[in-house]
Amino acid sequence: GEQIYAKEFSGSGLWGTIRGVLGVTADVSHTTGLSIISHNETPGLGGRITENWFQRQLAGEEVPDGMLRVTDGEGDYDHQNGEIDGITGATRTSDSMEVILNRELDTLKNALGGS
């Protein structure tokens, strides 16, 4: 019965545009999911943003202080700290995803009046 919202996005990756969809709760306090639609990142490195393990991290992640952090891949399974694992060896793609996700969260907060 919870209301959720999804927004398509596009942003700059290392080699080109990353396009996807980000889902959030109505108050933008949690993400509900991420789907990467297309990208030009390096196969086997930044291209791993399409893998289930990476995208699943955004299912139910709390967004403390209105921001997410993409960290060095250390096996972060805490959905309440606002941190998701980046991709080892793909620092620029991981950094790009952090910028894109936070920009979209800010846009959604402004549109939905979230926290």
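Which residue takes a positive phi in the hairpin of β2 and β3? In this predicted model, the residue in question is valine 28, whose phi lies near 60° in a hairpin with five residues between the strands. The setting of this residue is taken up again below, after an account of the chain as a whole and of its strands.

The secondary structure of the chain consists of two helices and five strands. Read from the N terminus, these elements follow the order β-β-β-α-β-β-α. The chain has 115 residues and a radius of gyration of 13 Å, which agrees with the value near 13 Å that a compact globule of this number of residues would have. Along the principal axes, the C-alpha atoms fill a box of roughly 40 × 25 × 25 Å. Of the 115 residues, 42% count as buried. The accessible surface comes to about 6,100 Å², and carbon and sulfur atoms account for 47% of this area. When contacts between residues at least 6 apart in sequence are considered, 48% of them join residues at least 24 apart. With regard to charge, the chain carries 8 positive and 18 negative charges, and the mean positions of the two groups are 8 Å apart.

The pairing of the strands β1, β2 and β3 can be described in detail. Strand β1, formed by residues 4-12, runs antiparallel to strand β2, formed by residues 17-25, and nine bridges join the two. Within this pairing, glutamate 8 has valine 21 of β2 as its bridge partner. The connection from β1 to β2 is a hairpin of four residues. Strand β2 also pairs with strand β3, which spans residues 31-38; this pairing is likewise antiparallel and extends over six bridges. Here the bridge partner of leucine 22 is leucine 34 in β3.

Valine 28 belongs to the loop between β2 and β3. Its phi near 60° is a positive value in a residue other than glycine. With a relative accessible area of 2%, valine 28 is buried, since buried means under 20%. A positive phi near 60° is also found at aspartate 65, again a residue other than glycine. Aspartate 65 lies in the loop between α1 and β4. In contrast to the buried valine 28, aspartate 65 is exposed, with a relative accessible area of 79%.

Two further residues illustrate the surroundings of other parts of the chain. Glutamine 55 is placed in helix α1, which comprises residues 52-56. Its relative accessible area is 11%, and glutamine 55 therefore counts as buried, the cut-off being under 20%. Apart from neighbours within four places in sequence, the contacts of glutamine 55 are with Leu34, Ser35, Ile36, Ile49 and Thr50. Among these contacts, Leu34 is the residue in β3 that serves as the bridge partner of leucine 22.

Tyrosine 77 is located in the loop that lies between β4 (69-71) and β5 (83-85). Its relative accessibility of 73% places tyrosine 77 among the exposed residues, as exposed means over 50%. Along the chain, tyrosine 77 and isoleucine 4 are 73 residues apart, and a distance of 22 Å separates their C-alpha atoms.

Definitions and conventions: Residues numbered from 1 in each chain as written. Predicted model: local features only at pLDDT ≥ 70, side-chain atom pairs only at ≥ 80, totals over all residues. Heavy atoms only, no water. Pairing = 2+ DSSP bridges. Rg over C-alpha atoms; globule rule 2.2 N^0.38 Å. Buried < 20%, exposed > 50% of the residue type's maximum accessible area, 1.4 Å probe, protein only. Contact = heavy atoms within 4.5 Å. Areas by Shrake-Rupley, 256 points an atom, 1.4 Å probe, with all protein chains shown as cover. Lys, Arg positive; Asp, Glu negative; His and termini not counted. Charge placed at Lys NZ, Arg CZ, Asp CG, Glu CD.
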